[in-house]
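This report looks at a protein chain through a few of its local features. Please keep the sequence and the 3D view open while reading.

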Amino acid sequence: DQAAKQAAERAAAEQAAKQAAEKAAAEKEAAAKAASVLEAKVTAEPKLFSPDGDGNDDTMRFILSVESGSGIVEWKLDLIERAVSESTKSGTGQERVFMSWEGKGAPPSEIQWNGVSAKKELVQSATDYPFKLTVKDKLGQTKTSSGVLSVDVLVLKDGNNLVLKVPSIVFRSDNADFKSLSADIVANNEEVIARIAQILNKFPEYNIKIQGHANSASKIAGLSQAKIQAEETKELIPLSLNRAKMVMSMLIQNGVDKARLTAEGLGSSKPVVSFSDAQNRWKNRRVEFILIKKK
């Protein structure tokens, strides 16, 4: 009987030890699982960013939400600018980091931004800027979250006039039409021009001069002045004029009074960045809308 009792006690002790070990293992697993939790999310407000100084949607707010069981070591938020390209199926070309924020430890819950890069560049009208948040925790894990910031058509003051600079309308290369472009690019072109028409109709007291601008392959290549002038006269001025005229016809279709509109082609005579700036010279190839107060 004594032996049986001792055996029962040993069995009970072994069972208790097993249960304790299982509980400890479960707690350790739960702790490890909790420590391994890493979630990150970033969103951008407003839906259309418009940093043109009119008091409406001039500030972009990035809302950051991060959950970490072990703690955040570092974080980074990158905003990307994609060059508009007439030679790719997607309508976009080379990418670069336009603006970046980063830090050690947990990120702030919100970042406010005025639309100007560290190099003092303003975002481009009617252009999308992808962004990505990356966080790293104490366990070495990383998590990313991404989205797209959409810039509205910006109305900027230029002396007594107002100006809209839009480099995001994609034309067929060396032509003044949208033929053979993908359906997505054409749809975006139409959406941008419809938005421009909507904005122009908010300024009925202004006439609108539509200017086409182009890049010069001769200037980029450093060719002679004679070749630069020949390209300008024979190719760039007619091309930029025809593009301005096409946009004008689409504005009329979108309800802008024809009597308010004129078109001109300026070729490569008024670049906004140097022709030697390979990353940014796509911005020279643009359509501008100059709003001139009626007399």
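Which residues are linked with E81 in a network of salt bridges? The network is made up of E81, R96, E121 and K283. The model is predicted, and every value below is computed from it.

## Salt bridges between strands β3 and β4

Side chains of opposite charge can pair when their charged atoms come close. The structure holds 13 salt bridges. Three of them are described here.

One part of the network is the pair E81 and R96, whose side chains meet in a salt bridge at 2.9 Å, N to O. E81 lies in strand β3 and R96 in strand β4, so this salt bridge ties together parts that are 15 residues apart in sequence. Are these two residues buried or exposed? E81 is buried, because its relative accessibility is 1% and buried means under 20%. R96 has a relative accessible area of 10% and is buried as well.

A second pair is formed by E95 and R82, whose side chains meet in a salt bridge at 2.9 Å, N to O. Here E95 is in strand β4 and R82 in strand β3, so the pair ties together parts 13 residues apart in sequence. E95 is partly exposed, with a relative accessible area of 46%. R82 is partly exposed too, at 34%.

The third pair is E74 and K104, with the closest N and O atoms 3.1 Å apart. This pair links distant parts of the chain: E74 belongs to strand β3 (residues 72–84) and K104 to strand β4 (residues 92–104), and they are 30 residues apart. E74 counts as partly exposed at 31% relative accessibility. K104 has a relative accessible area of 67%, and it counts as exposed because that value is over 50%.

## V73 in strand β3

V73 is also found in strand β3. Its relative accessible area is 34%, which makes V73 partly exposed. Which residues does V73 contact, leaving aside its neighbours within four places in sequence? They are K104, G105, K136, D137 and K138. K104 is thus a contact of V73 and also the salt-bridge partner of E74.

A separation in sequence can be set beside a separation in space. V73 and Q6 are 67 residues apart in sequence, and their C-alpha atoms are 54 Å apart in space.

## E264 in strand β11

E264 lies in strand β11 (residues 261–265). At 24% relative accessibility, E264 counts as partly exposed. How many residues along the chain separate E264 from I210? The two are 54 residues apart along the chain, while their C-alpha atoms are separated by 6.3 Å.

I210 is also one of the residues that E264 touches, not counting residues up to four places away in sequence. The full list is K209, I210, Q211, G212, S240, L241 and A244.

## Packing of helices α2 and α4

Two packed helices are described by the angle between their axes and the distance between the axes. For helix α2 (residues 183–200) and helix α4 (residues 225–253), the angle is about 65° and the axes are 9 Å apart. This makes α2 roughly perpendicular to α4. The crossing of the two helices is right-handed.

Which residues of the two helices meet? From α2 they are E190, I193, I196, A197 and L200, and from α4 they are V247, M250 and L251. By class, this contact of α2 with α4 has 7 nonpolar, no polar and 1 charged residues.

## Backbone features in loops

Where is P46 placed? P46 sits in the loop between β1 (38–45) and β2 (60–68). The peptide bond that joins E45 and P46 is cis, with omega about 5°.

The loop between β9 (161–166) and α2 contains D174. D174 is not a glycine, yet its phi is positive, at about 65°. With 62% relative accessibility, D174 counts as exposed.

S180 is found in the loop between β9 and α2. Its phi is near 70°, a positive value in a residue other than glycine. S180 counts as exposed at 71% relative accessibility.

Terms used. Residues are numbered from 1 along each chain as its sequence is written. This is a predicted model: local features need pLDDT of at least 70, side-chain atom pairs count only at pLDDT 80 or more; totals for chains, interfaces and linings use all residues. Side-chain values use heavy atoms; hydrogens and water are left out. A salt bridge is a side-chain nitrogen of Lys or Arg within 4 Å of a carboxyl oxygen of Asp or Glu. Helices (H or I, at least four residues) and strands (E, at least two) are DSSP runs, numbered from the N terminus. Buried means under 20% relative accessible area, exposed over 50%, partly exposed in between (1.4 Å probe, protein chains only). Axes are lines fitted to C-alpha atoms, for helices over the stretch in contact, and angles run from 0 to 180 degrees between N-to-C directions. Angles under 35 degrees count as roughly parallel, over 145 as roughly antiparallel, 65 to 115 as roughly perpendicular and the rest as oblique. A crossing is left-handed if the near helix is turned anticlockwise from the far one by less than a right angle, and right-handed if clockwise. Contact means heavy atoms within 4.5 Å. Ala, Val, Leu, Ile, Met, Phe, Trp, Tyr, Cys and Pro count as nonpolar, Asp, Glu, Lys and Arg as charged, and the others, Gly among them, as polar.
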